[in-house]
Amino acid sequence: MANCFLCGRKNPPDVRQVRRKVKTGEWIRKRYQSPRVNSTQSHFGMRIVCPSCAKFLDRQQIKSELWKHAGVLALLFGLFILMMFLH
Ligand SMILES: [Zn+2]
């Protein structure tokens, strides 16, 4: 029996263990005596989560995918408008 990586709830043993890609850590590189952050690196890994957290993560992923597509569509639409103006 494993605990959920996100909320810490115990997963019931009869439920199939669900794994999702979650952020496991973050590296922030800074130069000494400088407030500027040089680089940030996020680490992701597959962790066991409970079904409700899995649902939440899935919904978040779908949302971000939709926004990506919306961005591409907006860009294409912008190009289309530009072409209309140029002709
Ligand atoms: Zn959970």
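Colleague: Let's begin with one residue: where is the place of Arg31?

Modeller: Arg31 sits in the loop between β1 and β2. Keep in mind as we go that this is a predicted model.

Colleague: Is Arg31 buried or exposed?

Modeller: The general idea is to count neighbours: 12 or fewer other C-beta atoms within 10 Å makes a residue exposed. Arg31 has 9 C-beta neighbours inside 10 Å, so it counts as exposed. If you set aside its neighbours within four places in sequence, Arg31 is in contact with Arg36 and Asn38.

Colleague: How many residues lie between β1 and β2 in the hairpin?

Modeller: Six residues separate the two strands of that hairpin, and Gln33 in the turn has a positive phi of about 65 degrees.

Colleague: And in which sense do β1 and β2 pair?

Modeller: For pairing, look at the bridges and their direction. Strand β1 covers residues 18–30, and its pairing with β2 is antiparallel, over 12 bridges. You can follow the register with two examples: Lys30 has Val37 as its bridge partner in β2, while Lys23 is bridged to Phe44.

Colleague: How many residues of β1 and β2 are buried?

Modeller: Use the neighbour count again, this time with 20 or more for buried. In β1 the count of buried residues is zero out of 13, so to speak a strand that is hardly covered. Strand β2 (residues 37–49) has one buried residue among its 13, so it lies largely in the open.

Colleague: What about the helix: what span should α1 have?

Modeller: The general idea is a fixed rise for each residue. At 1.5 Å a residue, the 36 residues of α1 (residues 51–86) should span 52 Å, and the end C-alpha atoms are indeed 52 Å apart, which agrees. Going round a helix, there are 3.6 residues a turn, so residues three or four places apart point the same way. As for burial, α1 is hardly covered, with one buried residue among its 36.

Colleague: Which residues in α1 would you click on?

Modeller: Try two of them. Asp58 is in helix α1, and with 12 C-beta neighbours inside 10 Å it counts as exposed. From Asp58 to Trp27 is 25 Å, C-alpha to C-alpha, with their positions 31 residues apart in sequence. Ala74 is also found in helix α1; its 10 C-beta neighbours inside 10 Å make Ala74 exposed. Between the C-alpha atoms of Ala74 and Arg47 there are 35 Å, for a separation of 27 residues along the chain.

Colleague: In what order do the elements run?

Modeller: Reading from the N terminus, you get β-β-α. The radius of gyration is 21 Å, well over the 12 Å that the globule rule gives for 87 residues, so the protein is more spread out than a compact globule. Along the principal axes, the C-alpha atoms fill a box of roughly 65 × 45 × 15 Å.

Colleague: What share of the whole protein counts as buried?

Modeller: Of the 87 residues, 3% count as buried. For contacts, the idea is to look at sequence separation: among those between residues at least 6 apart, 47% join residues at least 24 apart.

Colleague: Where is confidence lowest, and where is it highest?

Modeller: Where pLDDT is low, the predicted coordinates should not be read in detail. Here the mean pLDDT is 89, and 98% of the residues reach 70 or more. Confidence is lowest in β1, at a mean of 89, and highest in α1, at 94.

Terms used:
Residues are numbered from 1 along each chain as its sequence is written. This is a predicted model: local features need pLDDT of at least 70, side-chain atom pairs count only at pLDDT 80 or more; totals for chains, interfaces and linings use all residues. Helices (H or I, at least four residues) and strands (E, at least two) are DSSP runs, numbered from the N terminus. The expected span of a helix is 1.5 Å times one less than its number of residues. Two strands pair if DSSP finds at least two bridges between them. The radius of gyration is taken over C-alpha atoms; the globule rule is 2.2 Å times the number of residues to the power 0.38. Two residues are in contact if their C-beta atoms, placed from the backbone, lie within 7 Å. pLDDT is the predictor's confidence in each residue, from 0 to 100.
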